[in-house]
Amino acid sequence: MKDILTAFCKRLAIGLGVLVCGSAAFFLARGEGRLTLAFVLGLFAALVFVSNMAHRLWTLSSDTRSARGQMLVGTMIRLAVLACILAVAVLASSEVFFAAAAGFVLTYLVTFAVLILQNAKK
């Protein structure tokens, strides 16, 4: 399992690196370099989502009795983190909110694309 996760994390890091560089270039080209930080904040929110979900699935694979409760708690934690980050972003401005939301959505998409491609190669 560690070999699979190591390969996944390596591919994910490369994909997210490309995503951050591309978004930074996009924001700088538009003259809005300050939105890069909001985008990265959304990226980290998505990484919290994915890592929490992976951790919960990893622990549930050994203890299936508490699976439903663990998944509900995990979902609540992930939604609370997302709500806090987006609430702070919307207080700053609508552009910061949309940059953070874009960072979240794109990171989530890249993560699952890497996962799907990794499983399709098997």
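These are my notebook entries on a predicted model of a single chain.

**Entry 1: the overall layout**

I began with the secondary structure, and I counted 4 helices and 0 strands, which read along the sequence as the pattern α-α-α-α. I then looked up the extent of the C-alpha trace, which spans about 50 × 35 × 15 Å along its principal axes. Of the 122 residues in the chain, 32% count as buried. I also checked how the contacts are spread over sequence separation: among those with a separation of 6 or more, 70% come from residues 24 or more positions apart.

**Entry 2: H2 against H4**

How do the axes of H2 and H4 cross? I found that they come within 7 Å of one another and cross at roughly 40°, so H2 is oblique to H4. I noted the crossing of H2 past H4 as right-handed. On the H2 side I listed the residues that make the contact, including Leu35, Ala38, Phe39, Gly42, Phe49, Val50 and Met53, and on the H4 side I listed, among them, Glu95, Val96, Gly103, Phe104, Tyr108, Thr111 and Phe112. Sorted by class, the contact of H2 with H4 has 18 nonpolar, 4 polar and 1 charged residues.

**Entry 3: Phe49 and Arg78**

I next followed Phe49, which has its place in helix H2. Is Phe49 buried or exposed? Its relative accessible area is 7%, which falls under the 20% limit, and therefore I entered Phe49 as buried. Setting aside residues up to four places away in sequence, I found that Phe49 touches Arg78, Leu79, Leu82, Phe104 and Tyr108. I also looked up the pair of Phe49 and Val81, whose C-alpha atoms lie 8.3 Å apart in space although the two residues are 32 apart in sequence.

From Phe49 I moved on to Arg78, which lies in helix H3, residues 67-92. I wanted to know its accessibility, and at 8% relative accessibility Arg78 counts as buried. Apart from neighbours within four places in sequence, Arg78 is in contact with Phe49, Asn52 and Met53.

**Entry 4: Thr111**

I then turned to Thr111, which lies in helix H4 and is buried, because its relative accessible area is 2%. With neighbours within four places in sequence left out, I recorded contacts from Thr111 to Phe8, Leu12 and Val50.

**Entry 5: salt bridges**

Side chains of opposite charge can pair when their charged atoms come close, so I searched for such pairs next. How many salt bridges are there in the model? The count came to 2 salt bridges, taking a side-chain nitrogen within 4 Å of a carboxyl oxygen as the cut-off. In one of them the side chains of Glu32 and Arg30 meet, with an N to O distance of 3.8 Å. In the other, Glu95 pairs with Arg34, and the closest N and O atoms are 3.4 Å apart. This pair links distant parts of the chain, since Glu95 sits in helix H4 (residues 94-120) while Arg34 is in the loop between helix H1 (2-29) and helix H2 (35-60), at a separation of 61 residues.

I closed by looking up how open the two partners are. Glu95 counts as partly exposed, because its relative accessibility is 39%, whereas Arg34 has a relative accessible area of 53% and is therefore exposed.

Conventions
Residues numbered from 1 in each chain as written. Predicted model: local features only at pLDDT ≥ 70, side-chain atom pairs only at ≥ 80, totals over all residues. Heavy atoms only, no water. Helix = DSSP H or I, 4+ residues; strand = E, 2+ residues; numbered from the N terminus. Buried < 20%, exposed > 50% of the residue type's maximum accessible area, 1.4 Å probe, protein only. Axes fitted to C-alpha atoms, helices over the stretch in contact; angles between N-to-C directions. Parallel < 35°, antiparallel > 145°, perpendicular 65-115°, else oblique. Left-handed = near helix turned anticlockwise from the far one by under 90°. Contact = heavy atoms within 4.5 Å. Nonpolar A, V, L, I, M, F, W, Y, C, P; charged D, E, K, R; others polar.
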